[in-house]
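Q: Could you take me through the aromatic ring pairs of this protein? I'd love a close look at that one part, with its surroundings.

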Amino acid sequence: MSSDSCVCHCVKLIVSLGIVALVLWLSFRTTKPKCSINDFYVPGLDKSVNSNNNNNATRRNNNLSFQLNLKNEMKDKAVRYDDITLKFYYGTNTSYPIGNFTVDGFKQGKDKELFKSGMIETHNMPWNAALKAVTNGSKAIFRVDVSSRIRYKITFWYTKRHNYFVENKIEVDDTGRSGAQRMSYGFGVFGLTLFVLSFLL
């Protein structure tokens, strides 16, 4: 076999492997669903309805309402969620937990979006600090951690479970409401691994 023929076969093999790797990556790549917390409302910080009750703990509304938004932007893969846990905190760290909420697991179809409204009764909420912040024209900061385990449906089968975690920072003013929350998302570990492998091949 001539050297030119050998080189030609090697080039064909490399090109073939590259095409196979690209097809596999396109077929198996995954993207984590986007997540945001919208319509966040804390009545106890709304001065228009609570001006006379801010210093009266027995009359203050301790509830907190919100809307969870999950969006699967993949047009060729569905997502299966285990139960989704929302953990609420006052402040940007986890020093002041104020409540939890659970959304039952479900399947989200291709290119679908979920809007799930909920309400919790806050506990151990540092109202004095929050009221001081909004009264001074600043913002009361809340944190909502969204976590679950998810699987991606690829053709006829599901992948193994992957951890899903999104930390949402929410700023509330003296209306008790937050502005629009930016949707957070990232690439799935499975997709990233295949992407790297495609270059190695």
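Are Phe 40 and Phe 142 buried or exposed?

A: Happy to help! Both Phe 40 and Phe 142 are buried, where buried means under 20% relative accessible area, exposed over 50% and partly exposed in between, using a 1.4 Å probe and protein chains only. A word on the basis: this is a predicted model, in which local features need pLDDT of at least 70 and side-chain atom pairs count only at pLDDT 80 or more, while totals for chains, interfaces and linings use all residues. Residues are numbered from 1 along each chain as its sequence is written, and side-chain values use heavy atoms, with hydrogens and water left out.

Now to the rings. Rings of Phe, Tyr and Trp (its six-membered ring) pair if their centres lie within 6.5 Å; planes under 30 degrees apart count as stacked, over 60 as edge-to-face and the rest as tilted. By this rule there are six aromatic pairs. In one of them, the ring centres of Phe 40 and Phe 142 are 5.4 Å apart with planes at 55°, so this pair is tilted. Phe 40 belongs to strand β1 (residues 34-41) and Phe 142 to strand β8 (residues 140-154), so the pair ties together parts that are 102 residues apart in sequence. Strands here are DSSP runs (E, at least two residues), numbered from the N terminus. Ring pairs also bring in Tyr 90, giving a cluster of Phe 40, Tyr 90 and Phe 142.

Tyr 81 and Phe 106 form another pair: their ring centres are 4.7 Å apart and their planes at 20°, so they are stacked. This pair, too, links distant parts of the chain, with Tyr 81 in strand β3 (residues 78-81) and Phe 106 in strand β6 (residues 106-108), 25 residues apart. Tyr 81 is buried at a relative accessible area of 2%, and Phe 106 counts as buried at 18%.

Some rings have a charge for company. A charge sits over a ring if NZ of Lys or CZ of Arg is within 6 Å of the ring centre and within 35 degrees of the ring normal. The charged end of Arg 143 sits over the ring of Tyr 89, 5.7 Å from its centre, and Arg 151 lies over the face of Tyr 158, 5.0 Å from the ring centre.

Finally, back to the strand that carries Phe 40. β1 is part of an open sheet of three strands in the order β1-β2-β7, with antiparallel pairing; two strands pair if DSSP finds at least two bridges between them. β1 and β7 (113-121) stand at the edges with a single partner strand each, so one side of each is left without a neighbour in the sheet.

Terms used:
Helix = DSSP H or I, 4+ residues; strand = E, 2+ residues; numbered from the N terminus.
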